[in-house]
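The following paragraphs lead through selected features of a protein chain, from loops to helix packing and cysteines. Please keep the sequence and the structure in view while reading.

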Amino acid sequence: MKAIASGELLIDFNSVSSDEMGYPTLEGHPGGATINCLAALRTFGAEAAFIGKAGNDAFGKMLQHTIGQLGIDTKNIIITDDAFTTLAFVTLDETGDREFSFARKPGADLLLRFEEVDLSVFEGADVFHFGTVSMTEEPSRETTKKLVEYARSKDILIGYDPNLRKNLWRSLEDAKEQMLWGLSMADIVKISDEEIEFLFGLTPEEGAKKILELYNVQLVYATCGSKGSYYNNRRVSGFMPAMKGLKVIDTCGAGDIFGGSAMFRFLQHNKAAADLTKEELDDITRFASVAAGLSTQKHGGISSIPALDEVLAAL
């Protein structure tokens with residue numbers, strides 16, 4: 001199986017402690033929503049390639065090296081002198097839930113242009129994954145849309161996770177418009193309860209059904225953090241509880257890892273999304289829930305992805 005993803009490349013600075021005034025001590029980790037998802041696919045055994053842009057600086061070079069070390073094809077990671085690599089500062093509350101602050105005005109990831117991409121990377125691909133963090137500004141918005149359209153023209157499955165970061169958008173109306181465009185192009189969607197509330201004002205269960213009604217989406221995972229996740233295709237629906245008994249350290253990247261793990265398990269079934277049975281979807285979401293749960297035991301996104309053997313043992 002081969003997966004491609006495009007989107008933001010950045011360094012997550014995760015809060016590991018704080019002083020008496022509340023200022024955090026930060027620990028740097030490689031990240032970005034779509035690369036976290038892709039790295040999970042690669043960790044579990046998929047062939048993988050990433051399309052993105054980083055700065056010609058220490059962080060950009062570290063990201064390119066780290067992604068290459070994972071065995072992900074980096075030929076389409078463009079290095080630029082025109083902007084610094086994007087930085088995200090992640091602070092945590094007492095439950096381990098996170099809040100993001102970005103240094104990205106602009107970040108190098110926003111400068112990716114479609115004509116810079118070597119489109120031969122799409123040869124033999126099973127799935128192309130994208131989100132909306134790369135759609136907050138031009139030229140990366142147009143580039144993302146052209147990549148999605150190109151993948152669709154090649155009959156490649158489209159995976160989508162909105163990954164709403166409200167503070168990155170010039171307006172929430174624009175955010176909603178672009179998120180809905182993403183839904184209109186996707187085959188498989190992983191979306192959070194907060195994003196469903198933002199777009200439709202519905203519960204996760206209702207929102208998953210609404211997406212199937214409004215769009216040509218074939219499978220929806222609606223995640224609810226520590227509660228679990230709903231799943232719906234056009235045949236069956238269900239709910240998978242989250243992994244229990246965990247001492248959560250950091251939830252950064254857990255949703256992305258859920259998405260990448262679910263996509264990996266889905267591809268293993270080698271069936272159309274609309275044809276999956278309840279037993280098969282239970283298997284997929286159980287695998288993804290365990291992988292995401294285990295990831296909360298460590299800091300970071302890519303840094304926290306469990307090994308396949310770990311996930312299988314926990315199952």
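**Loops, helices and cysteines**

Pro139 lies in the loop between β8 and α3. The model under discussion is a predicted one. Glu138 and Pro139 are joined by a cis peptide bond, with omega at about 5°. The loop between β8 (127–130) and α3 (140–153) also holds Ser134. Ser134 has a relative accessible area of 5% and is therefore buried, since the cut-off for that class is under 20%. Leaving aside residues up to four places away in sequence, Ser134 touches Gly7, Glu8, Arg104, Ser140, Arg141 and Thr144.

A cis peptide bond also joins Lys105 and Pro106, where omega is about -5°. Pro106 is placed in the loop between β7 (98–103) and β8.

Backbone geometry also draws attention to two asparagines. Asn163 has a phi near 50°, a positive value in a residue other than glycine. Asn163 belongs to the loop between β9 (157–160) and α4 (172–185), and Asn163 is buried, with a relative accessible area of 8%. For Asn270, phi is near 55°, again positive in a residue other than glycine. Asn270 is found in the loop between α7 and α8 (278–295). Is Asn270 buried or exposed? Its relative accessible area is 71%, and because exposed means over 50%, Asn270 counts as exposed.

The discussion now turns to helix packing. Helix α1 (residues 33–44) packs against helix α7 (residues 254–269) at an angle of about 40°, the two axes being 7 Å apart. This angle makes α1 oblique to α7. The crossing of α1 past α7 is right-handed. On the α1 side, the contact involves Ala33, Asn36, Cys37, Ala40, Leu41 and Phe44; these meet Asp256, Ile257, Gly259, Gly260, Ser261, Met263, Phe264 and Leu267 in α7. By class, the residues in the contact of α1 with α7 comprise nine nonpolar, four polar and one charged.

Another helix pair is formed by α5 (residues 193–200) and α6 (residues 204–214), whose axes come within 9 Å and cross at roughly 60°. Here too the angle makes α5 oblique to α6. The crossing of α5 past α6 is left-handed. Asp193, Ile196 and Phe200 of α5 make the contact with Pro204, Gly207, Ala208, Lys210, Ile211 and Leu214 of α6. The contact of α5 with α6 has six nonpolar, one polar and two charged residues.

Cys37, one of the α1 residues that meet α7, also raises the matter of disulfides. A disulfide is a covalent bond between the sulfur atoms of two cysteines. How far is the sulfur of Cys37 from the closest cysteine sulfur? The closest one is in Cys252, at 14 Å, and because a disulfide requires sulfur atoms within 2.5 Å, this is too far for a bond. Cys252 is likewise in no disulfide. By this rule the count of disulfides comes to zero. Cys37 is buried, with a relative accessible area of 5%, and Cys252 is buried at 2% relative accessibility.

The final residue considered is Ala314, in helix α9 (residues 308–314). Its relative accessibility of 36% means that Ala314 counts as partly exposed. Apart from residues up to four places away in sequence, Ala314 touches Met243, Val290 and Leu294. Ala314 and Ile67 are 247 residues apart along the chain, and their C-alpha atoms are separated by 26 Å.

Notes: Residues are numbered from 1 along each chain as its sequence is written. This is a predicted model: local features need pLDDT of at least 70, side-chain atom pairs count only at pLDDT 80 or more; totals for chains, interfaces and linings use all residues. Side-chain values use heavy atoms; hydrogens and water are left out. Axes are lines fitted to C-alpha atoms, for helices over the stretch in contact, and angles run from 0 to 180 degrees between N-to-C directions. Helices (H or I, at least four residues) and strands (E, at least two) are DSSP runs, numbered from the N terminus. Angles under 35 degrees count as roughly parallel, over 145 as roughly antiparallel, 65 to 115 as roughly perpendicular and the rest as oblique. A crossing is left-handed if the near helix is turned anticlockwise from the far one by less than a right angle, and right-handed if clockwise. Contact means heavy atoms within 4.5 Å. Ala, Val, Leu, Ile, Met, Phe, Trp, Tyr, Cys and Pro count as nonpolar, Asp, Glu, Lys and Arg as charged, and the others, Gly among them, as polar. Buried means under 20% relative accessible area, exposed over 50%, partly exposed in between (1.4 Å probe, protein chains only).
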